[in-house]
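Reader: I have a structure to study and should like to discuss it step by step. May I put my questions to you in turn?

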Amino acid sequence: TVAQHFKPGIIAGAVATDLVGVDPYDNDFHKAGFTAGGFLTNQLSDKNSIQFEILYTQKGSLQPADSSNNYTYYKLNLNYVEIPLILKHYFVFNIKEKKVDRFFIDFGPSYGRLVKIKQTNTYGAFFDDNQFKKNELALNLGVGCNITKNLAFYVRYANSIIPVVKHKE
């Protein structure tokens, strides 16, 4: 049987983001940022675990000045505190009679609260928080590999269920 205990850990990494509805000419994840925080994980079975995370994540959008946008630069920084609840499924197989259980997929929802906004364009910094929703609900899907017992590498894709940008009516 699997022991019922929670294991804490730290998460840190890079993110690449883009927002639909903010920069219509750009959809190629130019905006770089970081994410950092902590997690608690609990092994549910040999192949499944559940993970609760609290993260600080930098998101946004970057539209470089080019011919598609009349050479106008635009950068949007949106900083969130996020709370994902992730289910991990481990792939268990044998290679030359040795058990391999380091590869996994993960998925689950996350709630994010917008805590800071910064906008900059060709003419300087400006502030307009009326066009952004303060709460985000997203779905996450990722793949990863445990490199050691206490170190993993993974790639996760998140997509908002509710648009972050308020639509003008």
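Reader: Does Phe93 count as buried, partly exposed or exposed, and what is its relative accessibility?

Author: The model is a predicted one. A residue is buried under 20% relative accessible area and exposed over 50%, with partly exposed in between. Phe93 therefore counts as partly exposed, and its relative accessibility is 34%.

Reader: Which aromatic residue forms a pair with Phe93, and is the pair stacked or edge-to-face?

Author: The ring of Phe93 pairs with that of Phe103, at 6.4 Å centre to centre. Planes under 30 degrees apart count as stacked. The planes here are at 10 degrees, and the pair of Phe93 with Phe103 is stacked.

Reader: How many residues apart in sequence are the parts that this pair of Phe93 and Phe103 ties together?

Author: Phe103 counts as partly exposed, because its relative accessibility is 37%. Phe93 belongs to strand E4 and Phe103 to strand E5, so the parts that the pair ties together are apart in sequence by 10 residues.

Reader: How many aromatic pairs does a search of the whole structure find, and why is the pair of Phe34 and Tyr56 called tilted?

Author: The search of the whole structure finds 4 aromatic pairs. In the pair of Phe34 and Tyr56, the ring centres are 6.1 Å apart. Planes under 30 degrees apart are stacked and those over 60 are edge-to-face, the rest being tilted. The planes of Phe34 and Tyr56 are at 40 degrees, so this pair is tilted.

Reader: In which strands do Phe34 and Tyr56 lie, and how many residues apart are they?

Author: The pair links distant parts of the chain, with Phe34 in strand E2 (residues 31-43) and Tyr56 in strand E3. Phe34 counts as partly exposed at 38% relative accessibility, and Tyr56 counts as partly exposed at 29%. Along the chain, Phe34 in E2 and Tyr56 in E3 are apart by 22 residues.

Reader: Which residue lies over the face of Tyr154, and at what distance from the ring centre?

Author: Tyr154 belongs to one aromatic cluster with Tyr90 and Phe104. Over the face of Tyr154 lies Lys88, and its distance from the ring centre is 5.9 Å.

Reader: Is Asn77 buried or exposed, and with which side chain does its own side chain make a polar contact?

Author: Asn77 lies in strand E4 (residues 74-95). Its relative accessibility is 18%, so Asn77 counts as buried. Leaving aside neighbours within four places in sequence, the residues in contact with Asn77 include Lys59 and Ile117. The polar contact of its side chain, at 3.2 Å, is with the side chain of Lys31.

Reader: What separates the C-alpha atoms of Ile50 and Phe6?

Author: Ile50 is found in strand E3 (residues 48-63) and counts as partly exposed at 30% relative accessibility. Beyond its neighbours within four places in sequence, Ile50 is in contact with residues including Leu40 and Leu85. Ile50 and Phe6 are 44 residues apart along the chain, and their C-alpha atoms are separated by 9.6 Å.

Reader: How many bridges join E7 to strand E8?

Author: The chain has 0 helices and 8 strands. E7 and E8 form a hairpin, with 2 residues between them. One bridge partner is Asn159 in E8, which is matched with Leu139. The two strands run antiparallel, and the number of bridges that join them is 10.

Methods. Residues are numbered from 1 along each chain as its sequence is written. This is a predicted model: local features need pLDDT of at least 70, side-chain atom pairs count only at pLDDT 80 or more; totals for chains, interfaces and linings use all residues. Side-chain values use heavy atoms; hydrogens and water are left out. Two strands pair if DSSP finds at least two bridges between them. Helices (H or I, at least four residues) and strands (E, at least two) are DSSP runs, numbered from the N terminus. Buried means under 20% relative accessible area, exposed over 50%, partly exposed in between (1.4 Å probe, protein chains only). A polar contact is a pair of N or O atoms within 3.5 Å; within protein, one must be able to donate a hydrogen and the other to accept it, and residues adjacent in sequence count only if both atoms are side-chain atoms. Contact means heavy atoms within 4.5 Å. Rings of Phe, Tyr and Trp (its six-membered ring) pair if their centres lie within 6.5 Å; planes under 30 degrees apart count as stacked, over 60 as edge-to-face and the rest as tilted. A charge sits over a ring if NZ of Lys or CZ of Arg is within 6 Å of the ring centre and within 35 degrees of the ring normal.
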